[in-house]
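Here is a protein model to read together, one step at a time. Please look it over before going on to the questions.

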Amino acid sequence: MDLRAKLNSGDIYDAYEAIGRSAVAEDILEEKSCGPLAALFLYFKPSEDPTLLRQHIGEMFDEAYVEGFQDGFALVVSDAATEQDSLYVRGVYDEVMAHAAVF
């Protein structure tokens with residue numbers, strides 16, 4: 001299964017340190033954007049138009065993976081998972097790790 005890009009908690013921590021922002025991105029980009037994804041975007045593409053965040057995420061990551069990542073950042077884990085949910089579950093796992101790295 002191709003996960004495309006995979007998130008790294010160390011990169012997320014470095015991004016927050018470099019951009020000097022908190023983990024809440026509501027005042028930076030779209031209100032429903034996940035903080036770590038926004039931080040990575042601002043860190044790796046500082047000169048890009050911030051409205052391209054969603055497009056950039058769509059090109060980099062699988063949709064189910066992003067959903068799991070965002071829920072993981074909020075520490076929301078689904079009650080049950082099937083084999084089809086593996087990307088979602090992996091996203092939750094990775095983001096719980098990244099959440100711990102940042103905080």
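The questions and answers below deal with a predicted model, and they go from its core to its aromatic rings and then to one helix.

Q: Which helix gives the most residues to the largest nonpolar core?
A: The largest nonpolar core has 19 residues, and those with the most contacts inside it include Leu7, Ile12, Leu37 and Phe69. Helices H1, H2, H3, H4 and H5 each supply at least two residues of this core. The helix that gives the most, with five residues, is H2.

Q: Leaving aside neighbours within four places in sequence, with which residues is Leu7 in contact?
A: Leu7 is one of the residues with the most contacts inside the largest nonpolar core. Once its neighbours within four places in sequence are left aside, the residues in contact with Leu7 are Leu37, Leu40, Phe61, Tyr65, Phe69 and Asp94.

Q: Are the rings of Phe61 and Tyr65 stacked or edge-to-face?
A: The count of aromatic pairs comes to two. In one of them, the rings of Tyr43 and Phe44 have their centres 4.8 Å apart and their planes at 55°, so that pair is tilted. The rings of Phe61 and Tyr65 have their centres 6.3 Å apart and their planes at 20°, and because planes under 30 degrees apart count as stacked, this pair is stacked.

Q: Is Phe44 buried or exposed?
A: Its ring partner Tyr43 has a relative accessible area of 34% and is partly exposed, whereas a residue must be over 50% to count as exposed. Phe44 has a relative accessibility of 51%, so Phe44 counts as exposed.

Q: Is His56 buried or exposed?
A: His56 is found in helix H3, and, leaving aside its neighbours within four places in sequence, it is in contact with Phe41 and Lys45. A residue is buried when its relative accessible area is under 20%. With a value of 18%, His56 is therefore buried.

Q: Within what arc do the buried residues of H4 fall, seen down its axis?
A: In H4, the buried residues are Tyr65, Val66, Gly68, Phe69, Gly72 and Phe73. In an α-helix, residues three or four places apart point the same way, because there are 3.6 residues a turn. The buried residues of H4 line one face of the helix, since seen down the axis they fall within an arc of 165°.

Q: Which residue's side-chain oxygen reaches the backbone nitrogen of Ala64?
A: This contact lies at the start of H4, where the oxygen comes to within 2.9 Å of that nitrogen, and the side chain belongs to Asp62.

Methods
Residues numbered from 1 in each chain as written. Predicted model: local features only at pLDDT ≥ 70, side-chain atom pairs only at ≥ 80, totals over all residues. Heavy atoms only, no water. Core = buried A, V, L, I, M, F, W, Y, C linked by side-chain atoms within 4.5 Å. Buried < 20%, exposed > 50% of the residue type's maximum accessible area, 1.4 Å probe, protein only. Helix = DSSP H or I, 4+ residues; strand = E, 2+ residues; numbered from the N terminus. Contact = heavy atoms within 4.5 Å. Phe/Tyr/Trp six-rings, centres within 6.5 Å; stacked < 30°, edge-to-face > 60°. Arc of directions from axis to C-beta. Polar contact = N/O pair within 3.5 Å; in protein donor to acceptor, adjacent residues only side chain to side chain.
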